[in-house]
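These are my notebook entries on a structure I went through by domain, ligand and backbone geometry. I record below what I looked up, in the order in which I took it.

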Amino acid sequence: MLAVVPPPVSVRVPAKVNVHLGVGDLREDGYHELGTVFQALSLTDEVTVAVADEPGVEVHGEGADSVPTGPSNLAWRAVQELSRHVGRDPEEPKVRVVIRKGIPVAGGMAGGSADAAATLVALAALWRLEVGRDELATLAGRIGSDVPFLLHGGTALGTGRGELLVPVLSRHTFHWVLALDRRGLATPDVYGELDRLRADGDPPRVGPVEPVIEALASGDPRKLAPLLGNDLQAASVSLRPGLRRTLRAGVSAGALAGVVSGSGPTCAFLCEDGDAALRVAAELSGAGVCRTVRVAHGPVPGARVVTEDAPRPVPPEAHA
Ligand SMILES: C[C@](O)(CO)[C@H](O)COP(=O)(O)OP(=O)(O)OC[C@H]1O[C@@H](n2ccc(N)nc2=O)[C@H](O)[C@@H]1O
Ligand SMILES: Nc1ncnc2c1ncn2[C@@H]1O[C@H](COP(=O)(O)OP(=O)(O)OP(=O)(O)O)[C@@H](O)[C@H]1O
């Protein structure tokens with residue numbers, strides 16, 4: 001009889017931008033209380049999981065050199081969390097995870113979190129598990145604060161440390177230009193810098209979230225543009241002063257408004273429409289203020305299986 005090895009499963013997963021990021025108090029567990037509106041963007045990673053005798057993680061694409069392939073890779077953390085949850089040995093998961101990066105690494109766009117979300121979805125399909133999205137979201141929140149949103153996708157309001165989500169109505173497509181910096185910023189450093197700035201003074205705080213939610217529902221980028229805001233922006237700019245120039249250059253290039261994405265250093269520019277985004281991207285890439293630019297739109301869906309062939313029979317010797 002032929003043994004059946006499940007075929008590899010590939011999942012596409014988006015990046016995120018925080019359209020609004022309000023950072024509250026530092027909690028006793030070391031996290032800050034957030035009120036944030038996430039939007040999933042069309043910059044994606046693809047994660048493939050396969051049954052393998054040599055378990056591990058491979059990373060390909062731009063920035064792959066700076067991504068760990070050991071147990072600290074967030075995708076591997078996802079393998080371990082899910083294994084533990086379904087009673088498999090987390091130290092012996094016979095799976096290989098191949099990550100193709102399209103999301104900038106350490107750019108404030110949640111690339112590592114996206115890979116963790118994708119791995120949860122891919123592995124659940126590979127192992128044909130009966131786990132619901134809510135269960136996966138709970139595991140996702142244990143891996144990192146942004147991970148549940150990358151499962152969810154679309155546009156959502158995040159509270160708690162960012163892991164508690166409710167969907168936000170946003171039927172229209174918004175067009176963005178992303179300016180990628182030469183080096184990344186570490187998220188804990190940026191939160192730490194904000195604490196320092198707040199201890200010394202009164203850095204700007206975002207306004208209420210309700211008008212942002214209304215502007216998203218209207219689908220009008222001109223209504224949303226003046227409401228873009230990020231409490232971490234002052235901290236990212238303090239650590240990377242050149243971002244001030246990048247933010248100005250995007251608006252000079254014709255964007256409606258710009259904001260630092262999450263913990264930065266990527267700057268996200270909201271544009272009138274797709275054509276305007278292409279024009280802004282072309283002008284910004286010639287302005288010498290960033291490493292490179294990307295055009296993206298949102299909202300897009302969260303982590304989704306893109307290939308799942310029928311199980312293929314393999315000869316017994318393949319298992320020896
Ligand atoms: C900046 C954002 O991307 C905005 O969505 C997120 O808040 C960061 O989420 P993340 O990368 O998933 O972060 P985690 O892996 O959960 O936490 C990394 C570190 O960021 C800081 N952190 C993160 C989330 C939060 N609500 N408060 C924090 O202070 C803490 O120092 C934490 O140790
Ligand atoms: N699968 C992964 N992809 C990218 N980085 C990873 C991954 N796993 C672990 N990391 C580590 O996490 C660090 C941050 O990478 P990531 O791309 O997630 O940053 P980020 O986009 O700024 O995150 P966030 O927006 O969630 O704060 C990297 O420098 C890398 O060392």
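How far apart do the end C-alpha atoms of residues 73–154 lie, and what percentages of the span are helix and strand? I noted that the end C-alpha atoms lie 25 Å apart, and that the span is 55% helix and 9% strand. I should state at once that the model is a predicted one.

**Entry 1: annotated spans.** I chose residues 73–154 since an unreviewed UniProt entry annotates them as "domain: GHMP kinase N-terminal". The UniProt annotation "domain: GHMP kinase C-terminal", also from an unreviewed entry, covers residues 213–287. For residues 213–287 I found 33 Å between the end C-alpha atoms, with 52% helix and 15% strand in the span.

**Entry 2: domains.** I then turned to the domain assignment, which gives domain 1 (3–169 + 303–310) and domain 2 (174–298). I recorded 24 Å between the C-alpha centres of the two domains. In the contact, 27 residues of domain 1 meet 32 residues of domain 2. On the domain 1 side, strand 2, strand 3 and strand 6 (155–159) each supply at least two residues. By class, I listed that side of domain 1 as 17 nonpolar and 10 polar residues, with no charged residue.

**Entry 3: ligand 1.** I looked up the surroundings of ligand 1 and found 19 residues. The closest are Gly144, Ser145, Asp146, Arg161 and Gly262. Strand 2 (9–26), strand 3 (32–51) and helix 5 (187–200) each supply at least two residues of this shell. I entered its composition as 6 nonpolar, 11 polar and 2 charged residues. Domain 1 and domain 2 each give at least three residues to the shell around ligand 1.

**Entry 4: ligand 2.** Around ligand 2 I found 23 residues. Those that come nearest are Ala110, Gly111, Gly112, Asp115 and Thr187. Helix 1 (74–85) and helix 2 each supply at least two residues of the shell, and helix 2 gives the most, with 4 residues. I wrote the classes down as 9 nonpolar, 12 polar and 2 charged. The shell around ligand 2 likewise draws at least three residues from each of domain 1 and domain 2.

**Entry 5: helix 2 and helix 3.** Having met helix 2 at ligand 2, I examined how it packs against helix 3. Two packed helices are described by the angle between their axes and the distance between the axes. The axes of helix 2 (residues 111–126) and helix 3 (residues 133–143) come within 10 Å and cross at roughly 145°. The crossing is right-handed. From helix 2, Ala116, Ala117, Leu120 and Ala124 meet Leu136, Leu139, Ala140 and Ile143 of helix 3. I counted this contact by class as 8 nonpolar residues, with no polar and no charged ones.

**Entry 6: backbone geometry.** Most residues other than glycine have a negative phi, and most peptide bonds are trans. I therefore searched for exceptions to this general pattern. Ala106, which is not a glycine, has a positive phi of about 55°; Ala106 lies in the loop between strand 5 (95–101) and helix 2. A cis peptide bond joins Gly264 and Pro265, with omega about 5°. I placed Pro265 in the loop between strand 10 (257–260) and strand 11 (267–271). The peptide bond from Gly298 to Pro299 is cis, with omega near 0°, and Pro299 is in the loop between strand 12 (292–298) and strand 13 (304–307).

Key
Residues numbered from 1 in each chain as written. Chains lettered and ligands numbered in written order. Predicted model: local features only at pLDDT ≥ 70, side-chain atom pairs only at ≥ 80, totals over all residues. Near = placed C-beta within 6 Å. Nonpolar A, V, L, I, M, F, W, Y, C, P; charged D, E, K, R; others polar. Domains from an automatic or database assignment. Axes fitted to C-alpha atoms, helices over the stretch in contact; angles between N-to-C directions. Left-handed = near helix turned anticlockwise from the far one by under 90°. Contact = placed C-beta atoms within 7 Å. UniProt positions renumbered as here; feature names shortened; annotations may be inferred.
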